[in-house]
Amino acid sequence: YNYEGQLNSLALKAKEIIDKRTFSAIIALLDDPIDHYFDIGCGTGRYLCFINNMGVPKNHIYGIELNDSVTQRLRQDGFQAFSSPLEELDDLPKNTFQLITLFSVLEHVASPRDLMIKAYEILAPGGLLVFEVPNAKSTNAKLFKDRYWGGYHTPRHWNLFSAETIESVAL
């Protein structure tokens with residue numbers, strides 16, 4: 001939770017440029033402008049701030065991070081932040097969020113399928129649910145599987161995915 005303090009300023013600037021390009025490409029796929037955004041696994045709120053800087057009001061920007069001190073700070077900043085798993089939040093508005101992101105989340109949960117089902121319930125018609133997971137069949141995994149592949153964050157990663165297995169979770 002000290003992302004900004006752990007990287008030097010040049011790396012932070014590079015990450016900011018990459019984030020801007022990534023989100024620009026994602027947003028270009030939407031038919032309507034973003035009015036509500038939800039970042040599941042929001043960390044310190046970097047993407048929440050990014051979307052807010054695009055003009056989306058903080059009261060329409062939601063995040064989940066399991067660290068309560070982080071979510072308290074995000075709530076103090078005006079964001080809608082929760083420290084409970086999405087599957088346990090029953091009073092979220094259905095069919096509301098034009099964009100939901102789950103970057104490096106699905107490998108950490110007991111039931112990725114249940115999480116995706118809940119996320120689809122709150123996704124607005126025509127909205128996008130965008131996720132990223134380590135690919136157990138990637139070149140990176142094949143090259144570094146015996147020792148250094150980042151997908152093996154045992155015991156933090158409960159699930160490993162390939163293109164085939166993630167398809168069964170995402171549908």
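**Exercise 1. Find the two sides of helix α4.**

Start with the outside: S69 and Q76 are exposed residues on the face of α4 turned away from its buried side. Here, buried means under 20% relative accessible area, exposed means over 50%, and partly exposed is in between (1.4 Å probe, protein chains only). Helices (H or I, at least four residues) and strands (E, at least two) are DSSP runs, numbered from the N terminus.

A quick word on what you're looking at: this is a predicted model, in which local features need pLDDT of at least 70 and side-chain atom pairs count only at pLDDT 80 or more, while totals for chains, interfaces and linings use all residues. Residues are numbered from 1 along each chain as its sequence is written, and side-chain values use heavy atoms, with hydrogens and water left out.

Your task: say which residues of α4 are buried, and why they count as being on the same side.

*Solution.*
- Step 1: go through α4, residues 68-76, and pick out V70, T71 and L74 as its buried residues.
- Step 2: these cover an arc of only 95 degrees around the axis, so they sit on the same side of α4. The arc is that of the directions from the helix axis to the C-beta atoms.
- Step 3: recall that an α-helix has 3.6 residues a turn, so residues three or four places apart point the same way.
- Step 4: look at the cover over the buried residues of α4, which includes α3 and β3. Contact means heavy atoms within 4.5 Å.
- Step 5: move on to G78, which follows α4 and has a positive phi, near 105 degrees.

**Exercise 2. Do it again for helix α5.**

Your task: list the buried residues of α5 and say why they line one face.

*Solution.*
- Step 1: in α5, residues 112-122, the buried ones are P112, L115, M116, K118, A119 and I122.
- Step 2: seen down the axis of α5, these residues fall within an arc of 165 degrees, so they line one face of the helix.

**Exercise 3. Put the strands in order.**

Your task: work out in what order the strands form the sheet, and which strands stand at the edges.

*Solution.*
- Step 1: the order is β3-β2-β1-β4-β5, an open sheet of 5 strands with parallel pairing. Two strands pair if DSSP finds at least two bridges between them.
- Step 2: β3 and β5 (123-132) stand at the edges; each has a single partner strand, so one side of each is left without a neighbour in the sheet.
- Step 3: from one strand to the next, the twist averages 15 degrees.

**Exercise 4. Explore strand β1.**

Your task: find which strands β1 is joined to by bridges, and whether its residues are buried or exposed.

*Solution.*
- Step 1: β1 runs parallel to β2 (residues 61-64), with 4 bridges joining them. Opposite F38 you'll find Y62 in β2.
- Step 2: to get from β1 to β2, the chain passes through helix α3 (residues 46-53), making a right-handed β-α-β crossover. Right-handed means that, with the strands pointing away from the viewer, the path from the first strand over the helix to the second runs clockwise.
- Step 3: β1 also runs parallel to β4 (residues 97-103), joined by 3 bridges. In β4, F38 has I100 as its bridge partner, and Y37 stands opposite L99.
- Step 4: check both faces of β1 (residues 37-40): Y37 and D39 on one side, and F38 and I40 on the other, are all buried.

**Exercise 5. Check the cysteines.**

Your task: explain why C42 and C49 form no bond.

*Solution.*
- Step 1: a disulfide is a pair of cysteine sulfur atoms within 2.5 Å, and the structure holds 0 of them.
- Step 2: the cysteine sulfur closest to that of C42 is in C49, at 9.7 Å, which is too far for a bond.
- Step 3: compare their surroundings: C42 counts as buried at 6% relative accessibility, whereas C49 counts as partly exposed at 35%.

**Exercise 6. Track down D19.**

Your task: say where D19 is, whether D19 is buried or exposed, and which residues D19 is in contact with.

*Solution.*
- Step 1: D19 has its place in helix α2. That helix (residues 9-28) lies across β1, β4 and β5, running at about 140 degrees to β4. Axes are lines fitted to C-alpha atoms, for helices over the stretch in contact, and angles run from 0 to 180 degrees between N-to-C directions.
- Step 2: with a relative accessible area of 6%, D19 is buried.
- Step 3: leaving aside neighbours within four places in sequence, D19 is in contact with R46, Y47 and F50.
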